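Colleague: Please take a close look at one part of this model, whichever you would start with. Then set that part in its surroundings, for someone who has not seen the structure before.

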Amino acid sequence: MAGSYFLTTAIDYVNSAPHLGHAYEKVLADFFARHEKSIDRDVLFLTGVDEHGQKVQQSALAKGVEPQTFADEMSAHFQRLHHGLGVASSHFVRTTAETHKAIVRDWLQRLHDKGEIFFQEHEGFYSVRQEQFVTEKDKVDGAWPEIFGEVIETKEPNYYFRLEPYRQRLLKHIEENPEWIVPAFRRKELLGALAEPLADLCISRPKSRLAWGIPLPFDENYVTYVWFDALVNYFSFASVKGQLVWPPDLQIIGKDILIPAHGVYWPIMLFALELELPRHLLVHGFWTNSGAKISKSNAKSLIDPVPYVEKFGPDALRYFVLREMVLGQDADFSDERFETRYNGDLGKKLGNLVQRTISMVHSYRAGVVPNYDGFHLTEVDAALRSDVVAEQYKRAVAEFAPHLALQAIWEFVAQANLYVEETAPFKLAKDPTQAKRLDVILGLLVETLRRLSVLIQAALPFTAEKIRVQLQLSPGPVRLDESLFGTSLRGHAIGKPEPLFPRLEEKPPAS
Ligand code: MSP
């Protein structure tokens with residue numbers, strides 16, 4: 001094994017069903033997890049759901065069920081989506097797990113014992129939607145911004161966690177670790193947010209107001225603020241066979257939860273407990289629908305990923321989101337874009353290459369891969385065997401740019417399709433004097449398919465497997481750095497072609 005790799009995603013609130021934004025983040029993480037596995041790393045991949053807090057309590061109340069019953073149902077929904085999308089996490093995190101609750105209480109107790117948490121009466125404004133106290137400074141043009149929802153005036157004693165004593169240390173960490181936050185422009189935003197002294201963080205909620213949470217170990221009249229509870233999940237489930245794995249190599253989050261949750265609270269909690277910080281925080285942008293953010297609070301913009309998975313298959317959605325979004329920026333979803341990628345890149349380009357190659361091997365060589373050892377190779381043959389695509393792919397993944405990784409692979413698919421056009425095996429098949437040339441072309445094309453099945457396996461695991469089945473190869477996943485043209489497939493009998501991305505004439509599901 002080439003070492004271990006530990007990555008996490010944000011855990012989703014279960015107050016409503018998952019949408020495209022949630023699906024994207026999980027697919028993105030799964031892509032990196034599968035890639036790391038293919039370079040022989042032992043991967044710990046955590047994802048899951050955030051089940052406590054006011055929003056969940058309110059949603060449960062509205063449905064007239066207990067919060068736990070509500071959370072169980074919704075968690076199952078998220079889990080089914082992950083399964084359908086091939087998101088193969090090591091563990092599905094739930095914050096209602098007893099092990100997690102015990103760790104949250106342990107952290108709180110330790111911070112309390114160290115004097116980092118203190119009790120204080122506070123009078124001020126409270127945002128019901130954000131579940132936090134807000135101050136005059138948060139007003140925009142004299143009014144509370146929309147994101148705060150209803151803001152009420154309240155007076156209550158609570159427990160606070162001191163952030164300010166760690167601000168300089170955090171600034172230093174950001175300065176010294178320029179790659180801690182990816183992409184770089186997010187790092188600047190965080191530096192900006194740390195320019196001013198940090199207010200203490202209220203980490204408790206009185207049970208009288210919010211019962212659905214983890215009771216504080218030192219005061220049972222309070223439950224833990226949902227963010228303090230949720231962030232701890234990364235630690236609670238960070239173990240393999242009972243052994244702690246720390247720190248995470250990669251934590252994937254959306255841009256709305258960098259400041260302050262993952263960029264301020266989280267590193268300071270880790271500092272205070274003398275734990276190492278994650279190596280990278282990867283911050284992605286938002287999916288929008290005709291320009292509007294896809295969010296559960298905007299029913300009109302909502303995109304449910306499930307109908308797309310059912311109609312087009314999981315890899316179509318995986319390919320679309322990974323290919324269309326430039327990691328870090330926002331991207332817009334539309335049925336037209338989806339259809340274009342599906343019919344074009346997947347159907348016409350990849351699907352067609354696989355289908356025509358396999359069909360030709362059946363038509364001209366009775367389904368057996370020809371032997372071309374020692375035969376003359378032309379420049380175009382050599383170009384098809386080049387390692388350039390694998391190099392480009394690996395570089396793009398290392399730079400957290402899946403869209404470029406897929407672009408490189410699809411340029412290779414285009415090259416292979418062009419190779420078929422230019423070498424015209426369907427013409428050579430009619431001329432017996434060209435038998436050796438045809439052997440080279442068909443042999444190389446089958447090897448190209450095998451190579452593609454390896455290159456696409458992190459992004460399109462189901463399709464990779466289908467190609468391997470059609471070629472009658474041993475099941476994947478396969479090591480990426482094993483020489484992709486190493487073993488010749490000569491004499492190997494392949495299976496029948498099956499369309500990978502059947503053309504669908506009807507329109508995609510209405511959004
Ligand atoms: N529960 C918190 C996270 C706690 S992590 C310790 C939360 N949940 S969420 O359900 O609101 O969001 C979960 C993730 O989905 C976040 O990373 C968020 O940025 C992401 N997305 C939510 N809407 C999104 C889009 N429209 N597009 C892409 N991702 C977005 O925040």
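**Ala366 and its surroundings**

Modeller: Ala366 is exposed, with a relative accessible area of 67%; exposed stands for over 50%, buried for under 20%, and partly exposed for what lies in between, with a 1.4 Å probe and only protein chains counted. The model is a predicted one, in which local features need pLDDT of at least 70 and side-chain atom pairs pLDDT 80 or more, while totals for chains, interfaces and linings use all residues. Residues are numbered from 1 along each chain as its sequence is written, and side-chain values use heavy atoms, without hydrogens or water.

Ala366 sits in the loop between helix H12 (335-365) and helix H13 (379-385); helices (H or I, at least four residues) and strands (E, at least two) are DSSP runs numbered from the N terminus. Its phi is positive, about 55°, although Ala366 is not a glycine. Most residues other than glycine have a negative phi, and most peptide bonds are trans.

Phe400 also has a positive phi without being a glycine, with a value near 55°. Phe400 belongs to the loop between helix H14 (388-398) and helix H15 (402-423). Is Phe400 buried or exposed? Phe400 is buried, because its relative accessible area is 15%.

The peptide bonds offer two further local features. The bond from Trp246 to Pro247 is cis, with omega near -5°, and Pro247 is found in the loop between strand S13 (243-244) and S14. The bond from Ile259 to Pro260 is cis too, with omega near 0°; Pro260 is placed in helix H9 (residues 258-272).

For the interior, take Phe320, which lies in helix H11 (residues 314-324). Phe320 counts as buried because its relative accessible area is 1%. Setting aside neighbours within four places in sequence, Phe320 is in contact (heavy atoms within 4.5 Å) with Trp287, Phe333, Arg337, Phe338 and Arg341. Phe333 is 13 residues from Phe320 in sequence, and their C-alpha atoms are 9.4 Å apart. In H11, 10 of the 11 residues are buried, so the helix is largely enclosed by the rest of the structure. The buried residues of H11 include Asp315, Arg318 and Arg323 as well as Leu317 and Val321.

The largest nonpolar core has 89 residues, of which Leu7, Phe32, Trp287, Tyr393, Trp410 and Leu460 touch the most other members; such a core is a set of buried Ala, Val, Leu, Ile, Met, Phe, Trp, Tyr and Cys residues joined through side-chain atoms within 4.5 Å. Helix H17 (residues 435-455) contributes the most to this core, 11 residues. Apart from this core lies another, of 60 residues, with Leu171, Ala238, Ile257 and Ile268 among them. Trp410 is in contact with Tyr319, Asp345, Leu346, Lys349, Leu350, Ile456 and Leu460, leaving aside neighbours within four places in sequence.

The model also holds a ligand. Of the 26 residues around it, each with a heavy atom within 4 Å, Ile11, Glu25, Asp50, Asp256 and Ile294 come nearest. These 26 divide into 12 nonpolar, eight polar and six charged residues, with Gly counted as polar. Strand S1 (4-13) supplies the largest share of the shell, four residues.

A backbone N or O atom of Ile11 is 2.8 Å from a nitrogen atom of the ligand, and a backbone N or O atom of Ile294 is likewise 2.8 Å from a ligand nitrogen; polar contacts are pairs of N or O atoms within 3.5 Å. A polar backbone atom of Tyr13 lies 3.1 Å from an oxygen atom of the ligand. The ligand alone exposes 660 Å², and the protein buries 97% of that, by the Shrake-Rupley method with a 1.4 Å probe.

Ile11 is touched by Asn233, which also touches Leu46, Val93 and His100, not counting residues up to four places away in sequence. Asn233 lies in helix H8 and is buried, with a relative accessible area of 1%.

Lastly, the whole chain has 18 helices and 18 strands. Of its 511 residues, 56% count as buried.

Technical notes. Polar contact = N/O pair within 3.5 Å; in protein donor to acceptor, adjacent residues only side chain to side chain.
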